[in-house]
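Work through the exercises below with the sequence and the coordinates at hand. Each task is followed by a solution in steps.

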Amino acid sequence: MKNIILIISILFVSAFAKAQELQSYIQEAESNNPEIQKFELQYKRASEKVNEVNTITNTEFGVGYFVSEAETRTGAQRFKVSAKQMLPWFGTITSRENYVSSLADAKYEDIVIAKRKLMASVSQSYYNLYANKAKQEVLTENIKLLETYETLALTSVEVGKASVVDVLRLQMRQNEMQQLKDVLQQQFLAEQTNFNNLLNRDNDVTVNVVDSLVIPSEDFDIASENLALHPELLKYDKLYQSIEQSELLSQKESNPMIGFGLDYINVEKRPDMDLSDNGKDIVMPMVSVSIPIFNKKYKSQTVQNELQQQEITAQKQERLNALETLLDKAINERISSRISYATQTKNLKQAKDAEDILIKSYETGTIDFNDVLDIQELQLKFQMNQIESVKAYYIQTTIINYLIQ
């Protein structure tokens, strides 16, 4: 019982360590990935725009000089200074802030989407590297196995129970496997470059992958209702809300604007008269109203906003349908990979049983090396398919996590 508990503990720690290793790569990618940095900068810029719209129109100042002085009873007017400030309707600036904030909220979803996609890309590349490495290890084992068979064949040739052709066939099969292994090594380097680029680091940095992955006995529960909370769909909700804020802003801007101003006119004192207001300057406060009488612009904006909301609703439904299809496909393909893994495991066991029979036949003095090559080829096929099934299972799990986590 103690041994069983120890083995289970070791397996748990090993699985946890594997998950932590991949998670650390994902965290590094999120910290360094330039695409996420781009979206974060766009979000900061959109958020900063709130300070831009939290202002009123420029204050107007004017200075005028009377070239031909206008004589008044109290003196000649020399120059004029004026100031004017237009103020938007009550709540207009708040509506602008709300509209810009809603656009920033929609932009934030781009960061969440980019992080999810990056996590999926890093995970899929990691599992591709694992499958490549596992295949190379399988080829190495099979090459060693063929070397053992080659030794048996040479011994059989010496006693006249096999021909040199059998030895050559075994050697050619080894050459083919070595070629396949060399090709896989080059593919590993290419995928490693892709992985390092996702983490935004040097291409030649060595990526450490787990030695083995197994398909768990049971799949985790899939909460399909979480799909409705996917950031790709939430972004459409945020865009819809931004159109609502845009409409409120349009209604505010269709209201009148109120202006306050002040005119100051300098008056020169008349030397030929003695008046009580002689040379008294003129100060004239003013109030003005800007009324959008021709407001087709705002009516058109309302129609455009309604059409854009309908467009966003249609786009959201279209994307929801696509995500539901993608989720259903990932679930079914993950089930298929589990079925395939079980079949390959069964076939591999039978192939090993056939291999044992061949070895026993050699002990009795008879062995057919054509059967040896056939069994070895079947073994390699089942082992490769088994690795592909494991990779497919984890890649489909990555897609499911992207959709409903």
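A residue counts as buried when its relative accessible area is under 20%, as exposed when that area is over 50%, and as partly exposed in between. The model used here is a predicted one.

**Exercise 1. Met384**

Task: Decide whether Met384 is buried or exposed, and list the residues it contacts beyond its neighbours within four places in sequence.

Solution.
- Step 1. Find the element: Met384 belongs to helix H7.
- Step 2. Apply the cut-off: the relative accessibility of Met384 is 14%, so Met384 is buried.
- Step 3. Collect the contacts: with neighbours within four places in sequence set aside, Met384 meets Lys135, Leu139 and Leu180.
- Step 4. Compare with a residue far along the chain: Phe79 is 305 residues from Met384 in sequence, and their C-alpha atoms are 94 Å apart.

**Exercise 2. The second largest pocket**

Task: State how much space the second largest pocket holds, and describe the residues that line it.

Solution.
- Step 1. Take the volume: the second largest pocket contains about 260 Å³ of space.
- Step 2. Look at the lining: it has 14 residues, and those closest to the centre of the pocket are Tyr130, Ala134, Val138, Gln386 and Ile387.
- Step 3. Assign the lining to helices: at least two residues come from each of helix H3 (92–158) and helix H7 (369–404). Helix H3 contributes the most, with 5 residues.
- Step 4. Sort by residue class: 8 lining residues are nonpolar, 3 are polar and 3 are charged.

**Exercise 3. Two residues of helix H3**

Task: Classify Asp110 and Thr140 by their accessibility.

Solution.
- Step 1. Place both residues: Asp110 is in helix H3, and Thr140 is also in helix H3.
- Step 2. Classify Asp110: its relative accessibility is 10%, which is under 20%, so Asp110 is buried.
- Step 3. Classify Thr140: its relative accessible area is 24%, so Thr140 is partly exposed.
- Step 4. Add the contacts of Asp110: leaving out residues up to four places away in sequence, Asp110 touches Phe39 and Lys235.
- Step 5. Add a distance for Thr140: Gln124 is 16 residues away in sequence, and the two C-alpha atoms are 24 Å apart.

**Exercise 4. The loop between H4 and H5**

Task: Describe the backbone of Asn200 and the surroundings of Ala228.

Solution.
- Step 1. Place the residues: Ala228 is in the loop between helix H4 (164–198) and helix H5 (231–253), and Asn200 lies in the loop between H4 and H5.
- Step 2. Recall the usual sign: most residues other than glycine have a negative phi.
- Step 3. Check Asn200: its phi is positive, about 55°, although Asn200 is not a glycine.
- Step 4. Classify both: Asn200 has a relative accessible area of 45% and is therefore partly exposed. Ala228 has 46% relative accessibility, so Ala228 is partly exposed.
- Step 5. List contacts of Ala228: Leu233 and Leu234 are touched, not counting residues up to four places away in sequence.
- Step 6. Take a distance: Ala228 and Leu152 are separated by 76 residues in sequence and by 63 Å in space, C-alpha to C-alpha.

**Exercise 5. The whole chain**

Task: Compare the radius of gyration of the protein with that of a compact globule, and describe its fold and surface in outline.

Solution.
- Step 1. Count the elements: there are 7 helices and 4 strands. Their order along the sequence is α-α-β-β-α-α-α-β-β-α-α.
- Step 2. Compare the radii: the protein has a radius of gyration of 39 Å, whereas a compact globule of 405 residues would be near 22 Å.
- Step 3. Check against the extents: the C-alpha trace spans about 145 × 45 × 40 Å along its principal axes.
- Step 4. Take the burial: 34% of the 405 residues are buried.
- Step 5. Take the surface: about 24,200 Å² is exposed, and carbon and sulfur atoms supply 55% of that area.
- Step 6. Take the contact range: of contacts between residues at least 6 apart in sequence, 83% join residues at least 24 apart.

How values were computed. Residues numbered from 1 in each chain as written. Predicted model: local features only at pLDDT ≥ 70, side-chain atom pairs only at ≥ 80, totals over all residues. Heavy atoms only, no water. 1 Å grid on protein atoms, 1.4 Å probe; cavity = no way out; pocket = protein on both sides within 12 Å on 5 of 7 lines; lining within 4 Å. Points joined across faces, edges and corners; volume = space filled by probe spheres on them. Nonpolar A, V, L, I, M, F, W, Y, C, P; charged D, E, K, R; others polar. Rg over C-alpha atoms; globule rule 2.2 N^0.38 Å. Buried < 20%, exposed > 50% of the residue type's maximum accessible area, 1.4 Å probe, protein only. Contact = heavy atoms within 4.5 Å. Areas by Shrake-Rupley, 256 points an atom, 1.4 Å probe, with all protein chains shown as cover.
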